[in-house]
Amino acid sequence: MTPSRSAFAALLAKDLRTELRTMRSLPAMVLFAVTTFIIFRYGLDRTTLSGSLAGGVLWTTLLFAGILGINRIFVSELEEGGFDAIRLAPVDRTVLFTSKASALFIYLAVLEAIVVPVFAVFFLPDWSALAPLLPVLAGANLGFSVLGTLISSMAVNSRARDLLVPLLLLPLVVPLMIAVTAASAGLFDAAGPDYDGFGTWLLVVGLYDGIFLLVGYAVFDFLLED
Amino acid sequence: MDDGPDAAKGGAAIRLRGLSRLYGERIALREVDLDLAEGQTLALLGPTGSGKSTMLRILATLLRPTSGQVSVLGCRLPDESWKLRGRIGYLGHEPLLYRDLTGRENLELQARLHGIPRDEASVRIERDLELLGMSRRADDRVSGFSAGMRQRIAICRAVLHRPSLLLLDEPDSNLDPEGRELSRGLIGPGEGRTRVLVSHEPERAIAEADLVLSLDRTGRVDRIDDGRRVTAGATGEGP
């Protein structure tokens with residue numbers, strides 16, 4: 001068998017190189033998020049947001065922008081034969097799962113690096129919440145990319161995948177959204193970051209990530225069967 | 001079906017007993033028996049929809065048989081399919097190339113997935129690209145290639161890891177006469193290659209075959225014969 005680390009690096013590099021060349025996912029995700037912030041800004045008619053409302057606006061926007069990336073994560077493998085190439089190679093199939101989840105994690109991180117400052121400009125009176133928000137973003141990205149990769153691999157063979165991904169993903173992502181919104185609500189407090197309950201909610205996010213990492217590792221092999 | 005003498009002697013590369021494959025209610029392959037010895041070429045013939053590509057995908061471990069026994073290079077399928085990975089070179093209808101990577105990048109990715117050391121991989125890639133007349137365009141993206149150029153790179157991809165068994169589904173498709181001639185160096189008969197060859201040109205496939213298996217429209221074996229006898233019969237030169 002080919003060492004998994006080498007195969008993982010090769011597949012991840014392929015995905016990132018392809019995205020850099022074609023820009024099929026990231027620009028759409030960024031554009032969607034920024035447009036949504038503008039809609040919230042004028043729809044709510046508020047120049048500042050705080051507490052759970054600020055958390056809700058941020059995470060709802062990131063969730064739906066992320067779905068755009070999830071929809072496309074396996075399309076090249078389906079349309080260009082990547083699934084068959086992996087199945088013919090002496091590679092543990094879960095390498096495809098980890099490389100796709102890692103690519104999605106990086107897309108989300110780039111998305112957030114661009115749009116979270118935009119969110120701060122639009123809605124936050126000061127930027128003191130952004131540094132403690134980083135572990136919440138990282139935890140959310142991990143859970144979202146693992147679950148998204150799993151759901152996308154199930155839906156990719158369906159012609160209705162654009163519909164199936166949100167239908168399957170949204171109910172499963174509810175616990176993660178509750179946890180990250182609750183963890184960040186205190187950070188966006190009008191009086192400055194409040195860390196009451198922050199650690200507990202971060203633990204819940206970590207638990208969620210761990211569960212779906214294990215589920216993904218256990219079932220992905222079967223999802224690639226004919 | 002009795003075991004063929006070659007299969008018994010030289011070790012069977014492929015052994016099928018009662019292989020069937022269904023897609024829902026539709027039967028794609030029905031009770032196929034076959035023995036192919038190592039180093040031999042099998043020409044797999046039949047009309048469109050007779051199950052040729054299905055059989056090739058089963059042998060490549062990409063599809064599970066519905067029933068019957070399948071042994072490829074000594075591995076029982078589907079249980080031991082993991083042992084076969086990396087030992088099969090598969091050239092199907094799709095080139096299995098990423099359109100937004102260059103030809104060389106696709107081959108480098110293939111080499112890494114097959115665990116070929118970097119230095120050796122670049123030597124092989126250079127040599128194979130040269131052999132197929134693709135060195136000059138190897139750094140262009142596949143999306144800009146003609147169908148024939150894609151097929152040449154796909155052939156390089158299928159043999160890059162030097163597989164023990166080649167499964168070739170219409171390998172000449174989209175190739176011009178020059179491409180067909182050049183590709184013989186990598187996928188043609190010789191050098192002890194074991195091959196299963198599906199072709200729309202029966203005469204050419206038969207000419208290269210040690211064994212010919214014809215399937216009818218119901219996926220049943222229509223005819224199985226020694227390559228030379230079929231060739232002789234087709235040209236009217238039989239004894």
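**A walk through two chains**

Visitor: Let's start with helix H4 (residues 103–113) of chain B: how many of the residues are buried?
Guide: Keep in mind that this is a predicted model. H4(B) is largely enclosed by the rest of the structure. The buried set includes charged names such as Arg104(B), Glu105(B), Glu108(B) and Arg112(B), along with Leu107(B) and Leu109(B). The count is eleven of the eleven.

Visitor: And what do the buried residues of H4(B) pack against?
Guide: Part of the answer lies within chain B, where helix H5 (118–131) and helix H6 (147–159) take part. The other partner comes from across the contact, and in chain A that is H1.

Visitor: Which residue with a positive phi follows H4(B)?
Guide: Look just past the helix for a phi near 70°. The residue there is Gly115(B).

Visitor: Back to chain A, then. Which helix gives the most to the side that touches chain B?
Guide: The contact takes 21 residues from chain A and 21 residues from chain B. On the side of chain A, helix H1 (4–22), helix H4 (75–80) and helix H5 (82–88) each supply at least two residues. The top contributor, with seven residues, is H1(A).

Visitor: How many charged residues does the side of chain A that touches chain B have?
Guide: That side mixes the classes, with eight nonpolar and seven polar residues. The charged ones number six.

Visitor: H1(A) also packs on helix H6 (residues 94–123) of chain A. Why is H1(A) called oblique to H6(A)?
Guide: Their axes lie 9 Å apart, at an angle of about 40°. Roughly parallel would need an angle under 35 degrees, and roughly perpendicular starts at 65. That angle therefore makes the pair oblique.

Visitor: Is the crossing of H1(A) and H6(A) left-handed or right-handed, and which class do nine of the residues in the contact belong to?
Guide: The crossing is right-handed. H1(A) brings residues including Phe8(A), Leu11(A) and Leu12(A), and H6(A) brings others, among them Val95(A), Leu96(A) and Ile106(A). Four polar residues and one charged residue also take part, and the class with nine is nonpolar.

Visitor: Now the strands of chain B. Which residues of strand S8 (residues 194–198) point the other way from Thr194(B), Val196(B) and Val198(B)?
Guide: In a regular strand the side chains alternate between the two faces of the sheet. Five of the five residues of S8(B) are buried, so the strand is largely enclosed by the rest of the structure. Pointing the other way are Arg195(B) and Leu197(B).

Visitor: Which residue stands opposite Arg195(B), and which opposite Leu197(B)?
Guide: S8(B) pairs in the parallel sense with strand S7 (residues 165–169) of chain B over five bridges, and with strand S3 (residues 41–45) of chain B, also parallel, over four bridges. Opposite Arg195(B) is Leu166(B). Opposite Leu197(B) is Ala43(B).

Visitor: What about strand S4 (residues 67–72) of chain B: which residue is the bridge partner of Ser20(B)?
Guide: S4(B) runs antiparallel to strand S1 (residues 12–23) of chain B, and five bridges join the two. The partner of Ser20(B) is Ser67(B).

Visitor: Last one: which residue in the hairpin of S4(B) and S5(B) takes a positive phi?
Guide: S4(B) pairs with strand S5 (residues 75–77) of chain B in the antiparallel sense over three bridges, with Ser71(B) facing Arg76(B) as its bridge partner. Two residues lie between the strands. The one with a phi near 50° is Leu73(B).

Notes: Residues numbered from 1 in each chain as written. Chains lettered and ligands numbered in written order. Predicted model: local features only at pLDDT ≥ 70, side-chain atom pairs only at ≥ 80, totals over all residues. Contact = placed C-beta atoms within 7 Å. Nonpolar A, V, L, I, M, F, W, Y, C, P; charged D, E, K, R; others polar. Axes fitted to C-alpha atoms, helices over the stretch in contact; angles between N-to-C directions. Parallel < 35°, antiparallel > 145°, perpendicular 65-115°, else oblique. Left-handed = near helix turned anticlockwise from the far one by under 90°. Buried ≥ 20, exposed ≤ 12 C-beta atoms within 10 Å, placed from the backbone. Pairing = 2+ DSSP bridges.
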